[in-house]
Amino acid sequence: MSTKTNPGRFFEDYSVGQVIRHAVPRTVGQGERALYHALYPARGAIYSSDAFAQACGLAASPLDDLVAFHTVFGKTVPDVSLNAVANLGYAEGRWLAPVWPGDTLSSESEVIGLKQNSNGRTGVVWVRTTGRNQRGEDVLSYVRWVMVRKRDADAPAPETVVPTLAGVVDAADLVIPKGLDFTGYDFDLAGEPHRLGDYQPGEVIHHVDGVTVEEAEHMLATRLWQNTAKVHFDATQREDGKRLIYGGHVISLARALSFNGLANAQMIVGLNAGAHANPCFAGDTVRAWSEVIETAETPAPGVGAIRLRLVAAKGDGEGLRDDAGKYLPHVLLDLDYWALMPV
Amino acid sequence: MSTKTNPGRFFEDYSVGQVIRHAVPRTVGQGERALYHALYPARGAIYSSDAFAQACGLAASPLDDLVAFHTVFGKTVPDVSLNAVANLGYAEGRWLAPVWPGDTLSSESEVIGLKQNSNGRTGVVWVRTTGRNQRGEDVLSYVRWVMVRKRDADAPAPETVVPTLAGVVDAADLVIPKGLDFTGYDFDLAGEPHRLGDYQPGEVIHHVDGVTVEEAEHMLATRLWQNTAKVHFDATQREDGKRLIYGGHVISLARALSFNGLANAQMIVGLNAGAHANPCFAGDTVRAWSEVIETAETPAPGVGAIRLRLVAAKGDGEGLRDDAGKYLPHVLLDLDYWALMPV
Amino acid sequence: MSTKTNPGRFFEDYSVGQVIRHAVPRTVGQGERALYHALYPARGAIYSSDAFAQACGLAASPLDDLVAFHTVFGKTVPDVSLNAVANLGYAEGRWLAPVWPGDTLSSESEVIGLKQNSNGRTGVVWVRTTGRNQRGEDVLSYVRWVMVRKRDADAPAPETVVPTLAGVVDAADLVIPKGLDFTGYDFDLAGEPHRLGDYQPGEVIHHVDGVTVEEAEHMLATRLWQNTAKVHFDATQREDGKRLIYGGHVISLARALSFNGLANAQMIVGLNAGAHANPCFAGDTVRAWSEVIETAETPAPGVGAIRLRLVAAKGDGEGLRDDAGKYLPHVLLDLDYWALMPV
């Protein structure tokens, strides 16, 4: 029997400082843009209209920021999370340049932390992943940590290195796309009149709409990002015969649903933290709510930044955590991100 | 709680003469073209092949006329039909210019009629909607009327204004795309030998094929047109747990099915009337038949016009209306439109 | 009742030497590329990345070879297999030029063989189909034979002509895309280190991953190729209410799954033989394995050819044939093809 297939890496295959060049660069374009709009109820005007994007100082409509995220992330799966037990968190995510139709993205990850778990059978791996275009420009950088199985429980534990990570990306470190200018922003065409000054920290917005998810949809999406984790596609992988929906699919659904109330939170520029609180399955009806955490200025004309908590939930459950601080069972996602909004 | 989400307009929010600039312009292109062909069994040669379109005098293959319709229509939903009880009719629809890959479409509607219903809880709103490209050219115009809920049953009724609408778009008013020339039309490549003179008023064509519809398909389509009506996506909106399929999805299915027998009814240029007779749900097998109503000349070389009734039905039911003139339960759609065909 | 719809051809409608120009040329582009990646877990680097393709000497990333195959094949269905009882085999398939985004493909078939079956109700039709682009260049040629119903069992049998077909395309006859050069091939980016010399005839590779298939997916794909066979779309066509999945969908699934272990089997250039062993239905979990049959040199720098048997199976069944030589019930596909691989 051939042993040429990829078994994925196990915990003992990682070492701090190791750099992994992930396989299969990917050119994204008009087709991915159309599919993104078919898969998610996305209506953000900059990503929907070349004319609107140009009126905001951009050359054209870039691909949705989450297309960049999913594509860069997808490439890391065969090397980072094929044998992962859990996707534990994100930090220090920054979008560094827009992705234009025709750009080719590739990914690279550096191992920045390792910690074997006390059970001796798994460990936590921290990687800093960078997405880059065909011109060698970085388009995205983020830290992600996952719990990975050991191949051999008797393998010695590596030295523990836990990276120091910022709890929040400082507003001053957000990268504003070149040329972005919201001084002539057309609120009518964008869909809502609310500007940065209309949002108050602590304000909660229930996004009204819901989407009942189908198997075909999440698989189309997850394949499009070339994410190869078996549990998303193969119904025989779990005892209950269910396919686990890629957490990023829930991020995109929730972000798209948040248009209704946050239509002007246009471009995602920072990912502060994120938790996939509970699994999502086909048949679930996903809803979302957002909480305004803070707002900030940026040097770009007319452009402010808004920090949002985006929560996705299934069914009609309310609330976020139980008394012990554990996510309630209906909570799917708890994401902390920065977006740009006209002031 | 934030009140920033869009509750939609209620009957008392409309006034005759009011112009609503709808949100979120949309750039459509190669991706939408491919998805249209994946979602519907569309085979019309002008929309399938640049080379064929060029041989007919066009610069390239435009986007399907119904992509223009759905995109322009979709933008009106948040302002016109979010609180609609029923989509009552269409009239005076004309396609005014082809939509080319890369074009950005936006929509505007003028309220042209209002009539409160005798129950005092709903009213009928007539709007004339215009779709426009990024060059400011009108690409589509049509009248649509919907029954909309009142927010407050006690709000006073507006003055009744019922617009006078043409029952049929006059053939002389149809706009033929610039340069269109069917004198060198290749019937082999188009798929059928039948030309305008081969069709007789009263002739009925059963289109043979059927499509069993899936939830994922109609949701992908309806999202692609950025139609935001909740009933299409959220299985918890109706007591029976069913998602109502967007009526336009049925229009596109039926039109695509009509290729078999009407392969040369190439471009839609007029929408005379339309009724969504009964709801369509996933699992229904949709079939279609057409009746030739009349034919007409046009000034373009080799180009004639054919007026067709297109009926979509589910299952094996036959017939259109019962003795009382009500649509039979299997009838989904009854559409009256003009298309261009080689003479 | 109109008789303008296409009833398809029956056995007695074919004659040896007859050339059929199939309808509806099709322009394929970025949208089809994106959909291909959404529908299949395709990761081949040349088809995923313009930059990678350019580093291999090509102008850009061509469309997947199977997009060419499905598109050319789809056009033949209304003329060749609408009344087919079975798709019996393929031979002498050669890819003759890459298909670039924006190319328009059309198909033509020549009837090269006829043999009435002894039951007198069906017969076998052999056609050689050629796909051509808008520049008049052949892009694909293959022989296919199908069993077709007779319209009239009493119609006289035609003279039997059974074409002599090569069991295998000779490696010397494979057409290497102009400019292809694997001397600077980046194995890291391609996803695996294995080169031609690492594969041995007889080696078997189990491709590890599986995909549980959904109705929406196979219908989206099959429509995209404008394949009009009713059994793929209409759940009322079979007594068991199942929609038969287009055999080509299984080919693409299996080929995409084979990335894991054959990431460097980049371009398909020859189709030696193929059997759709058993029907595939929604809900089936498709897996694949490959057997290396032989390897060969090519005149292109750094480019070798590998001949592979690709088998798709559903569920967990093992093995290929029973003692009587019949395919086991879990076997879906048995395909014999040539691909290009770095030496």
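Contact, in the legends below, means heavy atoms within 4.5 Å. The views are taken from a predicted model.

**Chain C meets chain A through 46 of its own residues.** On the other side of this contact, chain A contributes 33 residues. The two chains bury about 3200 Å² between them, and 56% of that area lies on carbon and sulfur atoms. Within chain C, the residues that lose the most area to chain A are Ala38(C), Arg43(C) and Leu189(C). Together these three account for 20% of what the chain C side buries.

**Polar and charged pairs cross the interface of chain C and chain A.** The rule finds 7 salt bridges across the interface of chain C and chain A. A salt bridge is formed by Asp234(A) and Arg287(C), with 2.9 Å between the closest N and O atoms. Polar contact across the interface of chain C and chain A involves 22 residue pairs, both residues at pLDDT 80 or more. Helix α1 of chain C (residues 30-39) gives the largest share of the chain C side that touches chain A, namely 8 residues. By class, that side of chain C has 20 nonpolar, 14 polar and 12 charged residues.

**Chain C meets chain B through 33 of its own residues.** Chain B brings 46 residues to this contact. About 3200 Å² is buried between chain C and chain B, with carbon and sulfur atoms giving 56% of it. Lys4(C), Arg21(C) and Arg223(C) are the residues of chain C that lose the most area to chain B. Their joint part is 23% of what the chain C side buries.

**Salt bridges and polar contacts link chain C to chain B.** The rule finds 7 salt bridges across the interface of chain C and chain B. In the salt bridge of Lys4(C) with Glu203(B), the side chains meet at 2.5 Å, N to O. There are 22 residue pairs in polar contact across the interface of chain C and chain B, both residues at pLDDT 80 or more. Three elements of chain C, β2 (26-27), α1 and α6 (215-224), each supply at least two residues of the side that touches chain B. The largest share of that side, 6 residues, comes from α6(C). The residues of the chain C side that touches chain B divide into 12 nonpolar, 12 polar and 9 charged.

**Helix α6 of chain A packs on α6(C).** The helix of chain A spans residues 215-224. The axes of α6(A) and α6(C) are 8 Å apart and make an angle of about 60°, so α6(A) is oblique to α6(C). From α6(A), the contact uses Ala216(A), Met219(A), Leu220(A) and Arg223(A). From α6(C), the contact uses Ala216(C), Glu217(C) and Leu220(C). The contact of α6(A) with α6(C) holds 5 nonpolar, no polar and 2 charged residues.

**Helix α6 of chain B packs on α6(C).** The helix of chain B covers residues 215-224. An angle of about 60° separates the directions of α6(B) and α6(C), with 8 Å between their axes; α6(B) is therefore oblique to α6(C). Ala216(C), Met219(C), Leu220(C) and Arg223(C) of α6(C) meet Ala216(B), Glu217(B) and Leu220(B) of α6(B). Of the residues in the contact of α6(B) with α6(C), 5 are nonpolar, none polar and 2 charged.

**A salt bridge pairs Glu203(C) with Lys4(A).** Over all chains, a search of the whole structure finds 75 salt bridges. The side chains of Glu203(C) and Lys4(A) meet at 2.5 Å, N to O. Glu203(C) sits in the loop between α5 (187-190) and β7 (204-206) of chain C, while Lys4(A) sits in the segment before β1 (19-21) of chain A, so the pair joins two chains.

Definitions and conventions: Residues numbered from 1 in each chain as written. Chains lettered and ligands numbered in written order. Predicted model: local features only at pLDDT ≥ 70, side-chain atom pairs only at ≥ 80, totals over all residues. Heavy atoms only, no water. Buried area = accessible area lost by both parts, 1.4 Å probe. Salt bridge = Lys/Arg side-chain N within 4 Å of Asp/Glu carboxyl O. Polar contact = N/O pair within 3.5 Å; in protein donor to acceptor, adjacent residues only side chain to side chain. Helix = DSSP H or I, 4+ residues; strand = E, 2+ residues; numbered from the N terminus. Nonpolar A, V, L, I, M, F, W, Y, C, P; charged D, E, K, R; others polar. Axes fitted to C-alpha atoms, helices over the stretch in contact; angles between N-to-C directions. Parallel < 35°, antiparallel > 145°, perpendicular 65-115°, else oblique.
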